[in-house]
Amino acid sequence: MKLVKTLSILGIVTAGIVLGACRAGGEDQGLEFAPQMYHSVAYEPLTQITDESQGDWLSNREDEKGEFYNSNIYNPHNMNMREPVENTVPRNKNGYLPYRLKAFELEEAALIENPIELSDEVLDEGETLYLQYCSSCHGAGGEGDGKAGLIIGGVANLKGGAYINLPEGHIFHVITKGKGRMGAHGSQITPESRWKIVHYVKQEIQKQ
Ligand code: HEC
């Protein structure tokens with residue numbers, strides 16, 4: 001009998017909590033079961049909670065502020081970060097602009113110069129990368145005789161014909177976007193590594 005009573009009380013309490021959570025609407029988000037999952041302890045870049053007592057009912061922060069307080073006092077614009085100036089263009093850590101050329105824009109790509117300075121070290125790295133990403137089709141020597149290449153068929157012989165004169169930007173573009181039967185490798189190989197491969201193809205594979 002006692003067990004039944006306990007169970008029914010437990011049931012009522014659980015139902016109460018569950019129903020309580022349902023009253024969300026408008027500004028009211030209802031009960032939160034694990035508030036720390038919704039409220040970032042870290043700075044939120046585009047918002048600020050400036051009320052130091054927000055969430056103090058569950059806070060065990062060392063600075064004794066509420067759990068949800070997350071403001072950078074040096075930036076008062078209701079954001080912990082500032083929005084970039086209009087028309088700001090992102091660059092990567094090497095200062096490269098985003099690569100926006102489409103797969104068919106080979107002529108434009110051909111005008112781009114290799115930004116990586118040539119050195120023995122770069123050629124060594126280029127060789128490793130070439131063997132890793134290209135030789136399966138193009139062959140270690142670039143003659144289009146890699147094991148996968150023989151099965152795929154129609155792989156370019158990088159040592160032959162018009163391929164010898166391909167501009168560096170063109171090769172970079174083909175690695176990045178793919179061409180014809182060759183798939184794009186832009187998502188697998190960083191731009192820096194692609195340019196190193198280009199140096200290797202030009203300096204070692206295509207040197208007569
Ligand atoms: C899965 C096989 C495969 C891999 C891996 C591969 N290629 Fe290719 N590649 C091809 C094929 C096939 C072609 C011929 C494309 C066509 O014209 O249809 C080609 C063509 C090319 C061309 C000539 C492009 C042109 O203008 O006609 C270059 C340059 C080239 N590949 C470089 C590379 C480099 C550098 C790598 C390594 C990052 C690489 N490829 C990896 C299969 C591959």
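The paragraphs below lead through a predicted model, from its division into domains to a few of its helices and loop residues.

We begin with the overall layout, in which the chain is divided into domain 1, covering residues 32-87, and domain 2, covering residues 106-205. The centres of domain 1 and domain 2, taken over C-alpha atoms, are separated by 48 Å. For residues 121-205, an unreviewed UniProt entry carries the annotation "domain: Cytochrome c". This span is 56% helix and 0% strand, and the C-alpha atoms at its two ends lie 16 Å apart.

Two helices, H4 and H8, can be looked at as a pair. Two packed helices are described by the angle between their axes and the distance between the axes. Helix H4 consists of residues 120-133, and its axis comes within 8 Å of the axis of H8, with a crossing angle of roughly 100°. Because angles of 65 to 115 degrees count as roughly perpendicular, H4 and H8 are described as roughly perpendicular to each other. On the H4 side the contact includes Val122, Leu123 and Tyr130, while on the H8 side it includes Ile197, Tyr200 and Val201. The residues of this contact divide into 7 nonpolar, 4 polar and 4 charged.

Helix H8, residues 191-205, also takes part in a second packing arrangement, since the buried residues of H7 pack against H8 and against helix H3, residues 106-109. How many of the 10 residues of helix H7 are buried? In H7, which spans residues 168-177, 7 of the 10 residues are buried, so this helix is largely enclosed by the rest of the structure. The buried residues are Gly169, Ile171, Phe172, His173, Val174, Ile175 and Lys177. Just after H7 comes Gly178, which takes a positive phi of about 80°.

The sign of phi also leads us to two residues that are not glycines. Most residues other than glycine have a negative phi. Glu64, however, has a positive phi near 60°, and Asn87 likewise has a positive phi, of about 65°. Glu64 is placed in the loop between helix H2, residues 35-38, and H3, and Asn87 is also found in the loop between H2 and H3. Are these residues buried or exposed? A residue counts as exposed if 12 or fewer other C-beta atoms lie within 10 Å of its own. Glu64 has 9 C-beta neighbours inside 10 Å and therefore counts as exposed, and Asn87, with 5 such neighbours inside 10 Å, counts as exposed too.

Notes
Residues are numbered from 1 along each chain as its sequence is written. This is a predicted model: local features need pLDDT of at least 70, side-chain atom pairs count only at pLDDT 80 or more; totals for chains, interfaces and linings use all residues. A residue is buried if 20 or more other C-beta atoms lie within 10 Å of its own, exposed if 12 or fewer, and partly exposed in between; C-beta atoms are placed from the backbone. Helices (H or I, at least four residues) and strands (E, at least two) are DSSP runs, numbered from the N terminus. Two residues are in contact if their C-beta atoms, placed from the backbone, lie within 7 Å. UniProt positions are given in the numbering used here, feature names are shortened, and annotations may be inferred rather than shown by experiment. Domain bounds come from an automatic or database domain assignment. Axes are lines fitted to C-alpha atoms, for helices over the stretch in contact, and angles run from 0 to 180 degrees between N-to-C directions. Angles under 35 degrees count as roughly parallel, over 145 as roughly antiparallel, 65 to 115 as roughly perpendicular and the rest as oblique. Ala, Val, Leu, Ile, Met, Phe, Trp, Tyr, Cys and Pro count as nonpolar, Asp, Glu, Lys and Arg as charged, and the others, Gly among them, as polar.
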